[in-house]
Amino acid sequence: MNGAFVEFAYIAAAVLFIFGLKMLGAARTARRGNAVSAAGMLIAIAATLGVSGVVSYPLLFAGLALGGALGAVAARRVHMTAMPQMVALFNGFGGLASLLVGWAEYHRALRVEQLALPPFTAVSIYLAALIGGVTFTGSIVAYAKLAEIIPGRPLLFRGQKALNAALLAAALVLLAIGGAAPESTYGLFLVAAALAFALGVLAVIPIGGADMPVVISLLNSYSGLAACAAGFIIQNTVLVVAGCLVGASGLILTQIMCKAMNRSLGNVLFSGFGAAPAAGAAGAPRRDVQPITAEDAYYLLEAARSVVIVPGYGMAVAQAQHVVRELGDLLEARGGDVAYAIHPVAGRMPGHMNVLLAEANVPYEKLVEPGDVNPLMSAVDVVLVIGANDVVNPAAREDPASPIYGMPIIHADEAKACIVLKRSMASGFAGIDNPLFFKDNARMLFGDAKASVAALANQLKETENP
Amino acid sequence: MTLLVFVFVLSVFLGLELISKVPSQLHSPLMSGSNAISGITVVAALVAAGLDDGSRLTAALGFLALVLATVNVVGGYLVTDRMLAMFRKKPGQEKSR
């Protein structure tokens, strides 16, 4: 195929990515936007098959078919509740692909064609390997934490930060050496890749489960930058443009998530947040929580005119989103006013709760943001906290000693009554005591969230149709 | 080469402008949709695997990269579409009530 034709196809693909992302940012056009961006990808792939010198078609079609089949099956099979780890896994694959591309091009230039690598290309190869490697193992660790293959809490050890800093410094040194004298340093390249793998693991293990929305967003950004580096290697603009767009969008999401927790990115990445069982309100007189049965909780709900439901990760774990919707519908059918208060970092990925409630067909208009519902909270009869913890922790407002002090929360404690659905009294992912549970207006409904909500819904149903 | 860096810098600004205001409802689809785009490295993988230079290692590395990147692309777009399909069915459903 004509080289100019391929170049123009790449420009068209880049334009489609830009429009696709733009449309993805607005509810009305989002789905079409995704299709537009997919069309861009298809064009880019088709055009690349026509690049001069590309000849191994059977191999390429086999790779596309295999990868496409694996991706399609995974995307169809995955439960909505398992979405965060799926996205993390896909992201890791992209990162590893960029690393392998770097290695392949490095090997070709040095061993096969025995060319002198220009420093720019050599640095790009090292960058693709470093960023891609960190993205890969970082995403795999995030995947393992989210899928609860390894514990979600931060894993810390003495000298961790110093070790990470040393590894990062070593990686940068290798980058400099590799860029200056790529011909003599094949072994160093492999060391750099191994270093990147280690760094990815070590950077993510000290980060707790509740901070995963930040980590996934950031790793997403990295995978874009790794693609950028791959673009520099093969001197391809569409990779650079698309990779940059991803890098930027990941960065923006990262920033939004950090803001929602009132913490800096540095604090999220390096503080080992929630590792030590933080004392919370130290010295405050500890009272007992007030447990409640499903039946008594039903009486509270039955009398309520306005109910606010606050879902959290616990709802995802229990896969309770459908029964929650059912409960909400039943309360509305009785003339109650029901809203769902969604905290931006509730769950394990940005917008996690929105996705789950959408799956359960909760109308978008029923979802409210903390800033909108908090001023009205004192007029709310019952707040139903379903598997959320840190996002309703009043210590964020009241206790300057608390690690989450200053984080914007949903003021569940200000409602007339608050029912907290919880598996046990174990602390939340951040490992912090929650004074909400001990307040006079709070009742604890222990048990599996799905079973508890179903019990409430059944009670309501029975009284509706006696 | 400097042209590529120039494109890089401009694209960063473009990306930041493009995505600066996104409603929280769309955070997940935006993340997984852009994750799919990061699979653009499939283009580099096609080149790496497709140039028959006689080396088994480059072919193998390129092929593995191709499979991984394609999983990223296809899985990413389909997952995003699944999420967005759920967001979309609501208006119709509301009317039917």
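**Exercise 1. In which helix of chain A do A:R108 and A:E105 both lie, and how many residues apart are they?**

This is a predicted model, in which local features need pLDDT of at least 70 and side-chain atom pairs count only at pLDDT 80 or more, while totals for chains, interfaces and linings use all residues. Residues are numbered from 1 along each chain as its sequence is written, chains are lettered from A and ligands numbered from 1 in the order in which they are written, and side-chain values use heavy atoms, with hydrogens and water left out.

*Solution.*
- Step 1. Find the helix. Both residues lie in α4 of chain A. Helices here are DSSP runs (H or I, at least four residues), and strands are E runs of at least two, numbered from the N terminus.
- Step 2. Count along it. The two are 3 residues apart, about one turn of the helix.
- Step 3. Check the bond. A:R108 and A:E105 form a salt bridge, with the closest N and O atoms 3.3 Å apart. The term means a side-chain nitrogen of Lys or Arg within 4 Å of a carboxyl oxygen of Asp or Glu.
- Step 4. Check burial. Both residues are buried. Buried means under 20% relative accessible area, exposed over 50%, and partly exposed in between (1.4 Å probe, protein chains only).

**Exercise 2. Describe the contact between chain B and chain A.**

*Solution.*
- Step 1. Count residues. Chain B gives 83 and chain A gives 105. Contact means heavy atoms within 4.5 Å.
- Step 2. Take the area. About 8300 Å² is buried, and carbon and sulfur atoms give 75% of it. Buried area is the accessible area (1.4 Å probe) that two parts lose on being put together, summed over both.
- Step 3. Name the top three. B:L4, B:M31 and B:R82 supply 9% of the area that chain B buries against chain A, more than any other three residues.
- Step 4. Count salt bridges. There are 2 between the chains. B:D53 and A:R108 meet in a salt bridge at 2.8 Å, N to O.
- Step 5. Take another pair. B:D81 and A:R31 meet at 2.9 Å, N to O. B:D81 is in helix α4 of chain B and A:R31 is in helix α2 (residues 30–48) of chain A, so this pair joins two chains.

**Exercise 3. Is A:R263 buried or exposed, and which residue does its side chain meet in a polar contact?**

*Solution.*
- Step 1. Place A:R263. The residue sits in the loop between α9 (237–260) and α10 (265–270) of chain A.
- Step 2. Read the accessibility. At a relative accessible area of 11%, A:R263 is buried.
- Step 3. Find the partner. The side chains of A:R263 and A:D211 are joined by a polar contact of 3.0 Å. That is a pair of N or O atoms within 3.5 Å; within protein, one must be able to donate a hydrogen and the other to accept it, and residues adjacent in sequence count only if both atoms are side-chain atoms.

**Exercise 4. Compare the two domains of chain A.**

*Solution.*
- Step 1. Set the bounds. Domain 1 is 78–270 and domain 2 is 294–464, from an automatic or database domain assignment.
- Step 2. Take the distance. Their centres, over C-alpha atoms, are 36 Å apart.
- Step 3. Count the contact. 21 residues of domain 1 of chain A touch 22 residues of domain 2 of chain A.
- Step 4. Take the area. The two domains bury about 1700 Å² between them, 71% of it on carbon and sulfur atoms.
- Step 5. Count the pairs. There are 0 salt bridges between the domains.
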